[in-house]
Amino acid sequence: MARRGAAALALALALLAVALPGAAAQGAAVEDPDYYVQEIWSREPYYARLEPEPFSPPLPAGPGEEERKLRASEPRPPKKATKPRKAPKREKLAPESPPPGKKSNRKGVKTKSSEKAAGDDHRVPVARDAAREGCPPLGLETLKITDFQLHASTSKRYGLGAHRGRLNIQAGINENDFYDGAWCAGRNDLHQWIEVDARRLTKFTGVITQGRNSLWLSDWVTSYKVMVSNDSHAWVTVKNGSGDMIFEGNSEKEIPVLNKLPVPMVARYIRINPQSWFDNGSICMRMEVLGCPLPDPNNYYHRRNEMTTTDDLDFKHHNYKEMRQLMKVVNEMCPNITRIYNIGKSHQGLKLYAVEISDHPGEHEVGEPEFHYIAGAHGNEVLGRELMLLLMQFLCQEYLARNSRIVHLVEETRIHIIPSLNPDGYEKAYEGGSELGGWSLGRWTHDGIDINNNFPDLNTLLWGAEDRQNIPRKVPNHYVAIPEWFLSENATVAVETRAVIAWMEKIPFVLGGNLQGGELVVAYPYDMVRSTWKTQEHTPTPDDHVFRWLAYAYASTHRLMTDARRRVCHTEDFQKEDGTVNGASWHTVAGSLNDFSYLHTNCFELSIYVGCDKYPHESQLPEEWENNRESLIVFMEQVHRGIKGLVRDLHGKGIPNAVISVEGVNHDIRTAGIRQGHTTETHS
């Protein structure tokens, strides 16, 4: 009957009419067994994870619009399946009572009692599974939604346009005209809105909001309406019974707040219409939309841009227990080339696990370079952690399949992988969830230390000695000693940092990469500026040409890092250096892992920022793996570049700690010590 009624519409509205019967069919489109047929990553379709819920009424279009409006406002008979499940109240990051916003007495704003009732039903407490149940994010944070798909009623200026209204986007240091920290309306009234064009019919299920990222200003929306449309002209407001539903917004500017729609709404466009905002502030917000794109096999645009992976890997987020179990599975699959060990414990007593992959695990072989990957120094930068777990599985599977490239890599390299250097922080971020942890939940260790910047500042010691022309005593240009104060028990040094230092002093690493998140770039040392009082200055090492090559080796083989067409993640455009950057020219950091590794060991270490979204939704992991897989392998292969050999005396005995100098390079290296009867060796 719905199809016969739609056929009677005018020809100009025929395309809209085709979409509407599916919206009125009480979920019939979602139950289609071919739903999301082109998506082969997920083990089960998105619709299978949802409770059956009624869809919104047909959107208004053409003749009979008023009649449809009346019918849309009529409450449906109550059904058990209509009421969304509450998320477990493990950690409620968003306060229950936001401060009163402006215009609270305007028409359309609910009374205190009705707002509380709506909040009890639909304002979901922040918990690990809150955003993961049901439909995934459309991709405002991951940039899957382009700038051209975001529109707004007005904007204060370009830097506060709709394209900046993305969840967790960060403002520039100066909060300038191009890179500010939110969408901000040009006027503060009830007629402002920000809109997302999904470019296809989508089942919208929820909205996540934040305030403006700013050091100086306090701007956020405290309540809003949600509207949907199929043509961006005729809009239907989400109802709560017979009236427009007012969703509670934010009570501060950084903690994300999730609101689920009372029933999913099928449409192409979704619009957020602020109703109240923080006193003395402005209408500013960042957002993400949850939704399941409906199947459209005839849409060439989407089929062309969809990515699939053929790797049979465990694409999910793993908590600490699941991570250990996965390591055990890999070890049991490939016992001859893997070994699990730990380098110490976290502040909370969790073991810092590492996996070694080599043809002789547990043994250092002469002439075989040592390589490492470290991830999770910041506990909330989860993508690196999952990439490392995927890499372990991939290397094991491909070795068993006798992939010649992987077999050669494993047999000629001793690879060490630490997927989670800060497990305490990760567990905190994991409880928040992929979309609801904000920008920093879980970043630091349990005792509040940033591991990545917690290493001894050896740059100042070396540069100070050079400025004094090594008077009163000479300081070597390599293997710079750790200061005594840093080794004392009273020093502010994380136990995780001490564990990494001991690990790096024990194993003669040649090359390493530490995986981080929130950007798409490879940063190479130095990370600290040499000039006093400067916060940004290009500060190269004596081996700058080598570091540039290593950084480019990763960036150039990544699917997006060197793509000149891609949008910047937040404020920095790294395309002028092909997806690479000298750390100090980006922002100065004293005591970084990269600088420490270069000045205290033979290891060349780089920071690899693997994605704009620190904690992507589980559904994004296959694509992120495809983005980084080739780069991860190519970077490991670089450990075999350069010169390597043995240093012996006249009697053929290895000489430990022999200094190797290269003319024109003011940075020496040393031979590794004799271990278990092996001859001393060097890699350069």
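**Exercise 1.** Which residues are linked with Arg157 in a network of salt bridges?

*Solution.* Apply the criterion: a side-chain nitrogen of Lys or Arg within 4 Å of a carboxyl oxygen of Asp or Glu. The network joins Arg157, Asp180, Arg212 and Asp219. The structure holds 28 salt bridges.

The model is predicted: local features need pLDDT of at least 70, side-chain atom pairs count only at pLDDT 80 or more, and totals for chains, interfaces and linings use all residues. Residues are numbered from 1 along each chain as its sequence is written, and side-chain values use heavy atoms, with hydrogens and water left out.

**Exercise 2.** Is Glu381, the partner of Lys614, buried or exposed?

*Solution.* Start with the contact. The closest N and O atoms of Glu381 and Lys614 are 3.8 Å apart. The two residues are 233 residues apart in the chain. Now apply the cut-offs: buried is under 20% relative accessible area, exposed over 50%, partly exposed in between (1.4 Å probe, protein chains only). Glu381 has 4%, so Glu381 is buried. Lys614 has 6% and is buried too.

**Exercise 3.** Classify Arg530 and Asp467, which meet in a salt bridge.

*Solution.* The N to O distance is 3.3 Å. Arg530, at 39%, is partly exposed. Asp467, at 60%, is exposed.

**Exercise 4.** What span should helix H7 have at 1.5 Å a residue?

*Solution.* Helices are DSSP runs (H or I, at least four residues), numbered from the N terminus. The expected span is 1.5 Å times one less than the number of residues. H7 covers residues 382–400, 19 residues, so 27 Å is expected. The end C-alpha atoms lie 28 Å apart, which agrees. Of the 19 residues, 17 are buried, so H7 is largely enclosed by the rest of the structure. Just after H7, Arg402 takes a positive phi of about 60 degrees.
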